[in-house]
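Trainee: I keep meeting terms such as buried, oblique and antiparallel. Could we go through some of them on an example?

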Amino acid sequence: MSRRVSGIRQRLSAEDIGEPEFFRRMIAASADRFAYLDRDLTYRAANAAYLMSWGLTSEQVIGRRVDEVLDRDLYAEEILPRLEACLAGHTIVYEAQLPRRGVRAGWGEVTYIPWLDRAGEVEGIVVCVHDITARLAANTSLGRLGEIVEKAQTEVYVFDPEHFYFEQVNQGARTNLGFGMDELTRMTPLDLMPDYDPQTFSRLLEPLRRGSKSQVVVETRHRRKDGTCYPAEIRLQLLGMEPRFVAWVMDATERRRAEEAIKHLAFMDPLTGLPNRRLLMDRLERAIAASRRSHRLGALIFIDLDDFKTLNDTLGHDQGDRLLRLVAKRLSSCLRESDTLARLGGDEFVVMLERLSRKAEDAAAQAETLANKLLMVLREPCGLEYREYREYRCSASMGVTLFGPRAVGVEELMKQADLAMYRAKASGRDTLRFFDPAMQAEVSARAALAANLRRGLQHGEFILHYQMQVDADGRTTGAEGLLRWQHPQRGLLEPAAFIRLAEETATILPLGRQVLDMACAQLATWSERPETADLILAVNISVLQFHHPDFVEQVLAAVDQQGCDPNRLKLEITENLLRHDRDSTIAKMSALKARGISFALDDFGTGYSSLTDLGRLPLKELKIDRSFVQDLVTNEKDAAIARTIIALGGTLELDVIAEGVETEAQRDWLAGHGCHAFQGYLFGRPGPAATSATRLDA
């Protein structure tokens, strides 16, 4: 029996095993008895033959522990020790008397197979019971062979050892073959085995004649009377005082179907019918080995659909699944027979190309040509059912990496293609990018920087530098707190070196809280001296930080804990913050404004703002971005934008301040057009609190 079931020992999850469809496809029609137990020895599935042997219904078995279903004495003495050994990872095979509707009768070969999860841990037990009553009876007494052979469920054939003519063939065999007994007595096994000739068949039987083997097992085909063939597993023995060959033949059709079903579940994606990650990795290993032999390159194309989650959430998972099947069909239509298309899960697909050019530049061109073809075919309308999406067009981001004779491991290749795909997404999506070592170095540096960010937070390496803000008369009205990182190896870093990564890794949240604490502490220090008590301090707030549910509470907690005047704190936000959940944005700003905290709209003009939104927001100030200030004296377009922002501020009764003012000509132009607040190198560079004190006091 262990030989018979070895083909189904796949690493499937218990969830897959427990699906009724799985067992229907695999073993429902089998005469052998199958059941599946979880680690708690609770039945999760059983086929009809198993239930019938105990005379129980599915409701009486499924969901119950073995000791609640089987005879308790039988369970404690014979079954439990073997199940425990199986849970320890051992395959157990033994012979036992079989129950028939609660009564012990007949014999079976019982096999317990540990079922492993992806990590190699035992997550359940497959129980397989094969009826060996006929075989044991024949071994015991050929005198009773006729009766046993006739009634056995397995096909049984008895033939003489000299001429091989059949002497007895049981009813099950006659029914399956379509021959009558009178016809079979004039036939030999060779008439039923199209893959064997007399010499080969004699060699097969020779170990039994010599006594070197007690049994020979072979898998071949059996031919019916109508000419059709079926897969058969044949067990041959030489038995009796007057020896006769006995063949037990099992029609392996259902087993083959079960094995194919298991193989499909183990290696194929159930939604699209494509190879899954497991099969892809196996084929990739083979492709790398083939590339070493042929010196021809291959390529991996990692494909991730753009905005699939939005579509899935909008139309529902049924339409999302329909799109995935359509994508699989379109991608497949572009590939050669030698190529592999796999679905990793979700909206991720991978194409593996083999036998490309020997030259890297030519292989890259071949892969790029196909990838562009895939991009093009995905852009065609998808024709989803809902009206508003009838013309829905799919797009994807693709990452490409080559492999060849010196290829790295399969996991590393997958990472390379994945990294290239993310580069494509960052480049605007609906495009492709190639992996190269520089990209890997960038990613490694990014990971190191992320770790240093977290360490820097813990060790207080982040500080604020302050840049003065002045009015039209040159008097200091306040300052902007600018974040700096005092890196232990790289020295003083400005935000451009780390702020984007802080946002992508959400490190901006604890970092933002530190900035608020430092700013409020500085305001409290300034309040102790008459020269600085009236200064206003502005700090930047990130979009992620602002949209945190506890943002208002965090700001007020910093103000209260540091004991500063909230009327001296100004929070600078950007236009990107206004794109989502405007009502919540306005509510948070209004709550903080009620405590005296003001808001400035930073980098105004570089994003997108609705005039309606600006009118609703509780803003105090607009800030002209430095990109418009730099050339406004000589560039009429920049000058026009600056004039518009100044005029808009006047219309909305908002203060306007220009940043990046570096020359007197810029200041004079701005003042002449109605802007009376400035910030920039003309009035002082940013510096720490200690070095900025003199300038702020002036």
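Mentor: Yes. This is a predicted model. Start with β10: six of its eight residues are buried, so this strand is largely enclosed by the rest of the structure.

Trainee: What makes a residue buried or partly exposed, for instance Gly-172?

Mentor: Buried means under 20% relative accessible area, and exposed means over 50%. Gly-172 has 28% relative accessibility, so it counts as partly exposed. Its place is in helix α10, residues 171–177. Gly-172 is 16 residues from Val-156 in sequence, and their C-alpha atoms are 7.9 Å apart.

Trainee: Why does Arg-429 count as partly exposed?

Mentor: The reasoning is the same as before. Arg-429 has 34% relative accessibility, and since partly exposed lies between the 20% and 50% cut-offs, that is its class. Arg-429 lies in the loop between α18 (410–426) and β15 (432–434).

Trainee: What is said about the phi of Arg-429?

Mentor: Arg-429 has a positive phi of about 70° although it is not a glycine. Most residues other than glycine have a negative phi. Arg-355 is also not a glycine and has a positive phi, of about 55°. Arg-355 is found in the loop between β13 (348–353) and α17 (360–378).

Trainee: Back to β10. Which strands form a sheet with it, and in what order?

Mentor: The order is β7-β6-β10-β9-β8, five strands in an open sheet with antiparallel pairing. β7 (166–169) and β8 (216–223) are the edge strands.

Trainee: Why are those two called edge strands?

Mentor: Each of them pairs on one side only. From one strand to the next, the twist averages 30°.

Trainee: How do you know that β10 pairs with β6 and with β9?

Mentor: Two strands pair if there are at least two bridges between them. β6 and β10 have five bridges, in the antiparallel sense, so the condition is met. Here Phe-159 stands opposite Phe-245 in β10. Eight bridges join β9 to β10, also antiparallel, so that pair qualifies as well. Glu-233 stands opposite Met-250 in β10.

Trainee: What joins β9 and β10?

Mentor: They form a hairpin with four residues between them, and Gly-240 in the turn has a positive phi of about 95°. On its other pairing, β9 (residues 229–239) is antiparallel to β8 over eight bridges. Val-216 stands opposite Leu-236 in β9.

Trainee: Which helix lies across these strands?

Mentor: Helix α12, residues 198–210, lies across β6, β8, β9 and β10, and runs at about 35° to β9.

Trainee: Why is α15 called oblique to α16?

Mentor: The axes of α15 (residues 308–315) and α16 (residues 317–333) come within 6 Å and cross at roughly 135°. Over 145 degrees would be roughly antiparallel, and 65 to 115 roughly perpendicular. The crossing angle falls in neither range, so α15 is oblique to α16. Residues in the contact include Phe-308 and Leu-311 of α15, and Leu-323 and Leu-324 of α16. By class, the contact has five nonpolar, four polar and one charged residues.

Trainee: How do you know that the span of α21 is close to the expected one?

Mentor: Helix α21, residues 508–526, has 19 residues and reaches 26 Å from first to last C-alpha, against 27 Å expected at 1.5 Å a residue. Among its buried residues are Ile-508, Leu-516 and Trp-526.

Key. Residues numbered from 1 in each chain as written. Predicted model: local features only at pLDDT ≥ 70, side-chain atom pairs only at ≥ 80, totals over all residues. Heavy atoms only, no water. Axes fitted to C-alpha atoms, helices over the stretch in contact; angles between N-to-C directions. Contact = heavy atoms within 4.5 Å. Parallel < 35°, antiparallel > 145°, perpendicular 65-115°, else oblique. Nonpolar A, V, L, I, M, F, W, Y, C, P; charged D, E, K, R; others polar. Expected span 1.5 Å × (residues − 1). Buried < 20%, exposed > 50% of the residue type's maximum accessible area, 1.4 Å probe, protein only.
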